[in-house]
Structures are given as C-alpha cells and as structure tokens.
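Colleague: I'd like a close look at one part of this model, a strand and the partners on either side of it. Could you take me through it slowly, and then show me what lies further out?

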Amino acid sequence: MSEADTLLIDATTRILQDLCDPQTVNAAKDDGWKPTLWRALEESGLTLAWVPEERGGAGASLADGFAIAAVSGRFAVPVPLGETLLAGWLLAAAGLDCPDGTMSAAPSRPRDRITLGKDGRLSGRALGIPFAGTVQHLAVLTEQDRTLHVALVAAKDCAIRAAPGLSGDGRDAVTFDGVVPIAMAELPGNLGANCLAVMGAALRASQIGGGLQEILAMATAYAQERVAFEKPIAKFQAVQHNLARLAGETAAAVAAASSTADTIATLDGLGDAAFFEAAAAKIRAGEAAGEGAAIAHQVHGAIGFTEEHILHRFTQRLWAWRDDFGNESEWAVQLGEFVAEGGADELWPLLASR
Amino acid sequence: MSEADTLLIDATTRILQDLCDPQTVNAAKDDGWKPTLWRALEESGLTLAWVPEERGGAGASLADGFAIAAVSGRFAVPVPLGETLLAGWLLAAAGLDCPDGTMSAAPSRPRDRITLGKDGRLSGRALGIPFAGTVQHLAVLTEQDRTLHVALVAAKDCAIRAAPGLSGDGRDAVTFDGVVPIAMAELPGNLGANCLAVMGAALRASQIGGGLQEILAMATAYAQERVAFEKPIAKFQAVQHNLARLAGETAAAVAAASSTADTIATLDGLGDAAFFEAAAAKIRAGEAAGEGAAIAHQVHGAIGFTEEHILHRFTQRLWAWRDDFGNESEWAVQLGEFVAEGGADELWPLLASR
Amino acid sequence: MSQAIHFDPIRLPPEAEELRIEVRAFLAEEIANGGFDPRTTILSSGFDREFSKRVGAKGWIGMTWPKQYGGRERSFLERYVATEEFRVACAPTAAHFTADRQSGPVLLKYAPEHIKQEVLPAITRGECTFCIGMSEPNSGSDLFAASTRATATDGGYLINGTKLWTSNAHQSDFMIGLFRTSPPTKENRRHGLTQFLVRLKQSGITINPVRNMAHKHEFNEVVFEDLFIPEDHILGELDGAWKQATSELAYERSGPERFLETYYVLTELVRVLGNSPDPRAAEGIGRLVAQVHTLRRMSVSVNGMLQAGKEPVLEGSIVKDVGTIWEQTLPDKARSLAAFVDAEPGNRATFDELLQYATTIAPKLTIQGGTTEVLRGIIARGLGLR
Amino acid sequence: MSQAIHFDPIRLPPEAEELRIEVRAFLAEEIANGGFDPRTTILSSGFDREFSKRVGAKGWIGMTWPKQYGGRERSFLERYVATEEFRVACAPTAAHFTADRQSGPVLLKYAPEHIKQEVLPAITRGECTFCIGMSEPNSGSDLFAASTRATATDGGYLINGTKLWTSNAHQSDFMIGLFRTSPPTKENRRHGLTQFLVRLKQSGITINPVRNMAHKHEFNEVVFEDLFIPEDHILGELDGAWKQATSELAYERSGPERFLETYYVLTELVRVLGNSPDPRAAEGIGRLVAQVHTLRRMSVSVNGMLQAGKEPVLEGSIVKDVGTIWEQTLPDKARSLAAFVDAEPGNRATFDELLQYATTIAPKLTIQGGTTEVLRGIIARGLGLR
C-alpha cells in the first residue's frame, strides 16, 4: 500500500482553503482570484508534482499526485490543477522538460486520434479538452506510423472552439491540423496507447471521490440545519436514507479511486492491472457522480438549485468529470471485453489478484 | 374505449374466490382442488371466452378476455386459464374448432420456430411453454414456406421435457419433431407472424397488472398490521415511500396493460398499433413486475419469504410471466428498431396517436 | 384497505384530435415564420408575451372556462391535447401557462364576480401573467409554515414578509399569494392562512432576482412592505386556505407537463442514434418509449376520468411521482445510450447542447411544485397508510 | 459533521496470498474427488458436517483465535482470503460458518473459561454447529422487542418462549440466544435482555421447520418450554446484551459474504455471453465487474483497517448496504444481459437454473441479518443524523 505525504496534502488543503474557498469563489465578481491561486499552487510545486525535479517539477510520488487530485475535488477547483498534473506526467514520461504555467492534455475522448506527419506537423482534432481555451500549453499523445509520441504544443498555435461545458471550466474542441510542436519525444516502451486515458481516468476518479465527500458533508450539514414540518429534515427517515445512499456512492467512488491510485503508484508502468483498476474506478466513480449529485440536490431542495449556493460548483464538475477521459459506457465496454476474453473461470482470479 | 362485461368479471372473481383462494390453495396438501376449479371455469365458459359460440366457445369480447386475465392475475391462478384463453383465440382466429380441456400455446420465445413439412408433420422445438407438461392440447403457430398456419396438437404426441419454472406451473420444453396435428388451418391475412407474441404479451401484461394490484394490497395491509419499534411499520416513512413506489409500478403496469387490451379490443386485426402497445405494455409491466415484487418482499420481511405465506405465489408468477411471450429486452429491441426506423420526428406523432 | 388503482383506457375524442391538427398547424407556422425557436425556448425561460397573445387569439388559453369569462367551454381532454402539443413543440408558454393551469381555476372558484370579469378574460387573451406566491425562505415543502403576514386594516390587509422561489414574478402582473391572517391553532397547524390576489405592478413590492445554477433568472424573492390589498381580493375562506389547496390538484399533478419537461432529449437521442441502431441502442430507445407511452396513457386516463366526474386523486399523484422521476433520469439515460455516437461536427452538437442543459435543470424536477418526499407521503395517505 | 469516509487501499499480505493458493488447491481437490459439488451446494443449504471437519482439519475454522482454544492466531486478512475463496467456490460451509464468524468470537469474549475450553476447540475442528436465536415472531428488525423469558431459578434460568427464522437450528448443536431476564426500563427500552449459550440437544426444546419460498428447509421455529440453562451459560452482562451487540459488527457487516451471495450468477453470465460479447453485453459485464471489484476493495479495506486497529464502523455498514443491494439486483441484471443468448440445449441450462434459484432467494438478501431500512438508519447515525 502506497502512502501519500501528509504534509503535502495538508499544504494543498491549506492553499485551497485560503485561496479557493468555494463560497468566496462563488461570490467573486470577477476572475481576479484565479492568478493568485494559480501562483500559490505553482510556487508550492503542486502543479508539477509528477515532474522530476531535473525537469522543472517537484518530483513528488505518484501517490502524492493522486492525493492532490482528491483534495482538488473536495474544493471543486476551477483552475487546471489536475490537468497540469496530468500533462506534466505525460511530458515527463517521455523525458520532455515542462514549461511553467497552465497546461491540459489531449486527447480526452477515447476515439479521438491526433497524428504526427512526416513533416513534423500534427493533424487531427480532440473534443472536450478541459480548460483548453485558457491554458498556455497542451501535452498531446500522438501517433506516427504506430509509434507513440508525446508532443508539447502551445495552445495559441491550435484552433480552439471554446465550449464552457457543464462546469464552465471549458470543454473545448481543439484542432491540431498543421501545428508544429514546441518539443516532442517518443513514449517509452512501458507505456501504451491507453496510458493517457488510464492516468486521466484515475485522476478524475480521485477528483470525483473528493467532490462526493464534500457534497456528502454539505448535504449532511444542511439536513441538520434546515427545518421543515417543525423539525430538522435530518430527522426524516426519507432524508436519512437518501444520505445513507449518498454515503454509499461516496464510499464506492473513494474506495475505487484510492485502490486505482495505489495500483498505479506501486506498480511499474501501466499494464493490465492499472487498466483494470482505472476502468473500474472510472465506471464506478462516474456512476456515483450521477447518483450522488442527484441525491445531494434532492436533499438541498430549491436552495441547492441556485447560483448563489455552492452545491452546483461541485455537482456540475462531477457531471463534467465523468465525461472526461472516457465515460462509464466507454470504459465498461473495454472492461467487459477484457473480462470476456479471459473467460468466466478467469474472472475470480482476476478480481482476487487486486 | 372498450368496456368489459362487469357481470362476467364478477362471475370470474366469484369462482376464483370460492375455488382458488390463494391462502387455501397454498395450504392444500395435494392438487385435488385443481380439477374442481378447472371444471367451474370451463362450465362458466371462461376458458374459451375468446372462441365463438359456433366453435365451442363462449363468444365473449376481446375486452372480456383481457379482463378475465387481469382477474386471474389478482388470484395468481395456478391453472392454465390464460393459456387456454390464448390457445382458443389462436385456434378460433384460424377457423378451427376448439377441444374441451386445458390448452397452452406455442411458441412463447420470440426466436423459437416450428415448421410444417410437406408431409404434414411438424418439426422444431419451443422452450418455456407454460403448463405444457400438464395440458391436453397445444395450439401451435407454425410456418410452411412462409405461409403461417395454426395447428392443434395433442400434448401427448409431443416430446416434453418438464421444468417447473419459477412458479411451479411448468415452463416446459416441447419438441414437435414428427408430430401430426389433429387439425390445421391457415392463419387469416389480417394476422401476421407476431400475432401470438402480441396477444401473449398483452395477456401477460394484464395478468401482471392484476398480480401487482394484489401484492400492493397485501403489502399495504401487512404494513398496517405489523408492529416494529412499537408502531405499525406503515408509520415509517421508508415503508410509506416503498409502498408509494410499489403503487407507481402497479399503476404503470395496469395503465399500460389496459391501454393495450383496449387497443386490441377496438381495432381490427393486430397491426402496428397493437404491436406498439403490446410491446410497450410487456416492457413496462415486466419492469414493474421485477421492481414491484422486490418492494413487496422488502415490506413483508422474513414472513414473505416463507412457503406458508402466499406472497410467493404472486411474486414467482410475476417473475415467470415477464419471461413469457418475449421478455422486456426482446420487446424493447423490437420497439426501439420500430421507432428508429420511423425517425426522431415521427416519434411524437406515434405516441400521440395512441 | 384502499380502492384498487385503476386507469380507464381513455382515448382522446374526435374533437380533441381535430384540435390537435389545428394546434400543430399553428405551431408549425409559428416556427416557420420565426414566431418562436424551439431550441431558444428550451434554453431560455420560454417567456414571450406576444406569443401568448397569439395563442390567446386562437382561444387556447383558459379553453375549458365558461364563455362569459372568455373561455371556450371545451373539455379537459381538448385542453390536454393542446398542452401536450405546445410542450412537445417547445413553445414559449411561460407567460400564460401558470394562469391557464392554476391561477385561473382558483379565480373561477373563489374570486368575486367583478374580479373574475376583470381578470379571466385578460388571461384568455394572453395578456395577463400570473405567478404563485407560496414558498418562503423557511417554508418550502411545508407550505403551512408560511409566515408572511396579512394584517387587517381599514378595508383590507397590509402585507409584510418575503416569498421565495417565485417563478416569473419579475414578469408577472398578478400573484396568488398565501399569507398568514391568523396564527395556527393547537388543533390545526394548517389554520390561519388565506389566499389573496395580489396586483404586482405597484409600490410596496420589491422583486429581487434569484439566479439558478444554469445562471438563468427564473426564480425571485418577492418582498412585501406594508402592501395594501383590498378585502375583496381575498380568494376563498379567511384562514381556510388549507381547505382549498386540494381542489385542482389532480389536474395539476397529472398534466403532460409532468413527464415531458425533458422530452426534447428523447427526440434528439432518437435522431443521433439513427435509423439502424444496434441492439444496445435499440433496447434503450424501446424502454424509454415504453415508459413515456405508459406515462402518457396514465396522464390521459386521469384527465379523462376527471372529465367524466371521477376522482382519481391517488392516480393523479402517482402520475406526477413516476413522471417527474422519469423526466429527471431521462438525460442520464440518454447520455449513456449516446456514448458511442460519433462526434463528427454536426452529428451530435444539438443533442449535446440540449443534453447538457437538461442535465443541469434535472435536479429541480423532483423539487418544484412539491418534492418527491412530500408527494410520496401524499400517495401513502392515498393508500391508507397515514 | 462526521469524519470523512475513508478506505485505505489495503492489499492482502504475502501470507494471505500463500494461504489462498493452499485453499484453492484444497477446494479443487474436494471438487475433483467428489467432496462437494458447487451446483448442488448452491441449490441446497450447503450443510455438510464431513466437509466442515475436513476444513477444520486444515486449521481454517476459527483461524484468528488464540491457539489455546484451537485457533491459529492468523490475521483477519488471512481469514478474509479463506472466506472469499470458500464462498466463490460455492463450498458447503453452513455447518461451521456461523460459529466461525459470529458465535466463536462472542464466546471468546464473554464465555467463562471452562466453556471456552469445551466449545471453541470443537468449533475449530468443524464438529460443532451454531445457530443464532435472535428474532421472534414479534421481534424481527427490532431485536429489543424480544419477549422469550429467562426466569431465574435455582442455579440458573428457565426459558419459555419462541424464536423464529433460526437458520439451521435443526442441524445445530448450540444456539446463542437472546432472552428477556428483566423488563425494559423507562429510560432504556433495550435494557433487560441477556445472551445465553443454549445446548440444543436436550428436552424442553422443540424445533419446527419453516420452509422458505424456494421450498427449502432453512429456517426454524424454536420453542422453549421450561428449558433449564445453568447460570454459567450466561454470555456477558445480565440484562446488558444491548451493550454487546456491536462488538463484532464491523467484521460481520463487511465480510465477502455480504456481496458474493449470488456471485455464481456473474460467473455463469460471463460464460454464456462468450468471449466476444457485443457492446450491449460487454458494457453490462464491465459495469458489473467494476462494481464487484469496488465492493471487494471496500471489503478488504475495512478488514485491513480493523486488523490495523482502526474502527471503520461507518465504512463496514456501508459495505453491507451497498453489497447486499448489489448481490440482490445481480440476478435481474444478468437476466436482462443474457436475453439474447441462444437457448440451444446445453448453452444456458446451468445459467438458467442458477439464475432462477438466485431470483428466488434474492429477496432475503436485504432482510436477513438486518434489513436495508435498519442498516440505513445505522449509517445515518454514523453520519451524525440521529
């Protein structure tokens, strides 16, 4: 079992509490707080936690990075912290140096392909790239004659069609046609074509787990404050049972995500075990995100449906995160095919091996 | 809107109350009550309600027959009343005379095919035929060079592999290879290959609706009697909400089934409208059967799981009925393909036409 | 034990189907000539006074009401057909729908004659928008906790307090408000509330927007400060609003708007899945269609039974419970079924846009107009459990 | 606000994985030499004393207990591995499982030394079957309503009353029974119940079968008429059973048996869907596997945290709630996913047989050992709501 650095988690939590309190952010009149937050995260080394020190990063462990992601979920962080982490990991994996500033990674949807031509130019398109419209760089997984490469691209060089997505963070369409990367390198042999999807899914599962923990706490607290029919609604059995179900969904997401993070952190490369755990976590956490958000809203009633309440900062990100790096259906088909190929009698040994 | 004969419904209810009270049947040491019940049903003309008088039946309306089926569901009738009704309808549709006694109809599963050879012998196999192991005759929908025929077959002439099925009523495998029918006729042109499936689905949906009404009444009554934590469990909000959900499932099944019965009773032949309604009713009633049985058991707790309690007489039949004449998935694929063929903009006109 | 649940398999009568043809022609022409745009209507509040006036001119607002008040004395099944066609066409009915469904019937039953003569015809002309002033900051599901006071004064009442979640208050002419005229009694905590007709366009009323999580201005906070309401604006019995609350509920709960709120997602889903869906997609469509068909048949049945003088109160509540849960879960099911639809430009842009919107508004569908929790309590009472 | 829900990503230690290899070899050999048949075990009660003795001989019953009582002082994670392997192999463990999981730990904690020395070693040898005498005709979910009396007499107690739903009582040697020694007090309705060790093979006890809806004899009614129990057979505090009820609950709620009860359906589903499932079937398998994997990881985590001295009480209850709901709905999901599997003879006969059985027993999974309603109340309490 891997252990994340509690000091690092505490530091992340403190920065986010100070500079990204959802209540303050929600009430802010403009985005002026964003650069301050980003600077604090960057200066503390959190944004490039997964990049070795010699490549400009903080050289933290894989377990640390997932812990940062889980904390970022608990704050519904509206800056590309997770995305920059992921992009940094991809660049570092290929031995590339990491630039400062915000990044995102592409592709996010399983069927999007970006190819690298003989002329050194990219082509292809990726939809739903988180924060693509606002980040400075993109780390791109690309193919040239079946060889996988990682390319660092300046966002300004790409044609980006902005779309706010559910959370307002941006789920933008990026067209790479003709773009010349700033830097490029082959992906090492211990990583496959699904490496970005697996890491992205694991990251999102961690964030979903964190987000669910927070809306469970919010809904639990609200149920104890809100009075209806002359008692706190927490005293109604229907509300208690709804919250028990929310706790169950939260537990499943948290357990699946932390199991996956642990698997990736303790094994070398991203083999079948990482695929299996990441797929299961993204499926189960994605299901939990949908169920959990619905329950949290039901408990909150009308107030939770308003712009001024922070609940939507979480629920809209939960909905968005379940779509990123493969949705439940996409992962489930892949996982189902993997299991079927092994056959009925190999399923239990597979499960027990985790 | 078609109206069933209330006198007939009352008569059916009375016979079943007298001779097929679930409590009495459940406690009976042997099957001695079965012939008495069957004789009463037969003498009152209920078993051949859908057969014209000149062919040996009661000549009741289609609406009447579906009403009988719904009442039979309310009593979880363990004799082939619905099956004989259906077989009688099929034989009569082809202009064949109906024998006395118990019957069932084949095939029940959508992909089972029975063919009629040039030598006048049947071949093929049908699985899951309700009561096949105990009835005297089978009405069989069969094909000869794409022409549809109805054949009356003596059950003793077939090779029958008995299986009790969920309800114990029998869901038997019937092999027709080499069987020479007692009588045979072409199906009239206004009926197609799906006519038995459509009628069977409509019949089962009616029975499921009746069964759900009864378990809703049982669970409601039980919740008011059973005391836990010093009050009737009906006073617990969780139990109230479970029963409200059961009421919703019951309502959906009843509404879908009665709409289908009305459609078949008022239109000539079994065209697209009958297919659409029967498909929707079998899907929705089948879903309701599963959900509803689960809720009724949850409300009843341990007592509902015992042999001596009558709940299982209903729930096991609900589970069995949803498999007969096409399950939810089979009908849903057919209905989905039908809707998709019409296209998005024709969906609302289709719905509104019903 | 309660009466068995029952749904007469009611079909819409010929006059209703004739009306459907008229309504469809009207809506098609409106769309064709730019009268409204369905997509815009979905994504906005759907409030368009000019459109409402054109609907009023056709005689389709308050169409079941007596002719002397501008109504057309048509049946509830005719109204049913018009309502579902407007809803499915995503027409902007917000400026008249509340008055048509709820406020008008209340006025018809409880308002003094001169108010009926003044207001009802204006509603039918589409010139008069109503909102409903029930909820308050501390009184949501529990309406009888309302604390906004109506204090008796010369010839009327002075209103002080705050209503919340009042949809469209900022664009309305009238509110039917629930105010406290007496404290509750020990025996009956529902005692002491009275319904009033409130004219909104006057001083003493401040309306503040409450934006929703889709960042739209739909709700309002309505603050009353010494607002005077004349005595003859009382609707029904003083202190006895609790007796009136249930009068039109079966209609209100069982209308097509109770399951068609996100119907556009289903239409677009069928479109993106194409004419030859694989078994996975076909099964999904089939199950969704079976459910919406069943809900519609339940809803038609309840309306028809009401028209026939029956009282399907339990059935009406069930339609709302099953219907709102369904319309709420539809976006998630559609998302899953469309997971493998190719994202080539144009293929699913409309679907994705509408799906995203429906996902965002879905949470309110089991909260507004009575939460699932309250509704299931009502159903449980109908079953004899409470 | 409560502590955040947490699951340490615990992996099973090498000694547990070594044990797994041993257990698998044992089970494979048992099946090969006819020691037990998985299918028969599923369809029967799974009670086989000879098998239990062979398991006892391997040292796998009470394996976490002190060696002085026949235990092996192995870790709870080792026990976890053995339990899940036995469960997945559909081995007939009914003759020892209750004693291993519940009764033994109660004796260890509360029984006097001479009883521990007598009974515990016999349990570990697989020679001693326990049942649990908690529920009564009028006391199911509400255990503290138990009314079977234990009246003080010379040197002990006389028991009169009836226990119900007592699984395997007819094949058991002992019961741990909950009897009323005093009336409840005004302040504490849970006061007045005491746990006793009951020797079943004596007069004064009548055991009547209660067949279940699958027509199997699993439950019993156990009638006590002036049964004498010596004083030293009291387990724990007189009148204070309510303090003891929670001692081993986290283990009891979070074991692999809480989500693997119908696991055989998943195995057979994967088999009938074949190696190249279509997207509909593949998605279905994928979602089911994601869920069972997650449950197992939750369950391992809770057991590991317990072993590490933590108190994941809330997490343990959640495992049981989510796990039992899942194992209950699995048969229905499998039925739907297998809808298009061809019915050629042999193809799905085993699947259909097991599916039918699982469908029939599914209702009990959210009732036995604490209903979903009671469990969710416990979770709500863990969240700080009660």
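How many bridges join strand β2 (residues 114-116) of chain A to β3(A), and do the two run parallel or antiparallel?

Modeller: Happy to. First, some housekeeping: this is a predicted model, where local features need pLDDT of at least 70 and side-chain atom pairs count only at pLDDT 80 or more, while totals for chains, interfaces and linings use all residues. Residues are numbered from 1 along each chain as its sequence is written, and chains are lettered from A and ligands numbered from 1 in the order in which they are written.

Now your strand. β2(A) is joined to β3(A) by three bridges, and the two run antiparallel. (Strands are DSSP runs of E, at least two residues long, and helices are runs of H or I, at least four, all numbered from the N terminus; two strands pair if DSSP finds at least two bridges between them.) If you want to find the pairing on screen, look for Ile114(A), whose bridge partner in β3(A) is Gly124(A). Five residues sit between β2(A) and β3(A), making a hairpin, and in its turn Gly120(A) has a positive phi of about 75°.

β3(A) has another partner too: β7(A), residues 171-175, pairs with it over four bridges, again in the antiparallel sense. There, Ile129(A) stands opposite Asp172(A). How shut in is β3(A), which covers residues 122-130? Seven of its nine residues are buried, so the strand is largely enclosed by the rest of the structure. (Buried means 20 or more other C-beta atoms within 10 Å of the residue's own, exposed means 12 or fewer, and partly exposed is in between, with C-beta atoms placed from the backbone.)

For contrast, try Gly101(A), in the loop between α5 (81-93) and β1 (103-106) of chain A. Gly101(A) has 14 C-beta neighbours inside 10 Å, so it counts as partly exposed. Beyond its neighbours within four places in sequence, Gly101(A) is in contact with Gln136(A) and His137(A). (Contact means that the C-beta atoms, placed from the backbone, lie within 7 Å.) His137(A) is 36 residues away along the chain, yet the two C-alpha atoms are separated by 7.8 Å.

Hop over to chain B and look at its β1, residues 103-106. Both faces of β1(B) are covered: Met103(B) and Ala105(B) are buried on one side, and Ser104(B) and Ala106(B) on the other. β1(B) runs parallel to β4(B), residues 137-144, with four bridges joining them, and Ala106(B) stands opposite Val140(B). Ala105(B) also turns up among the contacts of Leu90(B), along with Ala139(B), Leu141(B), Val150(B) and Leu196(B), once neighbours within four places in sequence are left aside. Leu90(B) is itself one of the residues with the most contacts inside the largest nonpolar core, which has 491 residues; Leu138(B), Leu90(A) and Leu138(A) are the others named there. (Such a core is a set of buried Ala, Val, Leu, Ile, Met, Phe, Trp, Tyr and Cys residues joined through C-beta atoms within 7 Å.)

Last stop, where chains meet. Chain D brings 50 residues to its contact with chain A, which brings 45. On the chain D side, α9 (263-273), α10 (279-307), α11 (313-337) and α13 (372-382) each supply at least two residues, and α10(D) gives the largest share, 18 residues. Chain D also touches chain B, with 24 residues in contact with 23. There, α12(D) supplies the largest share of the chain D side, three residues.

Notes: Two residues are in contact if their C-beta atoms, placed from the backbone, lie within 7 Å.
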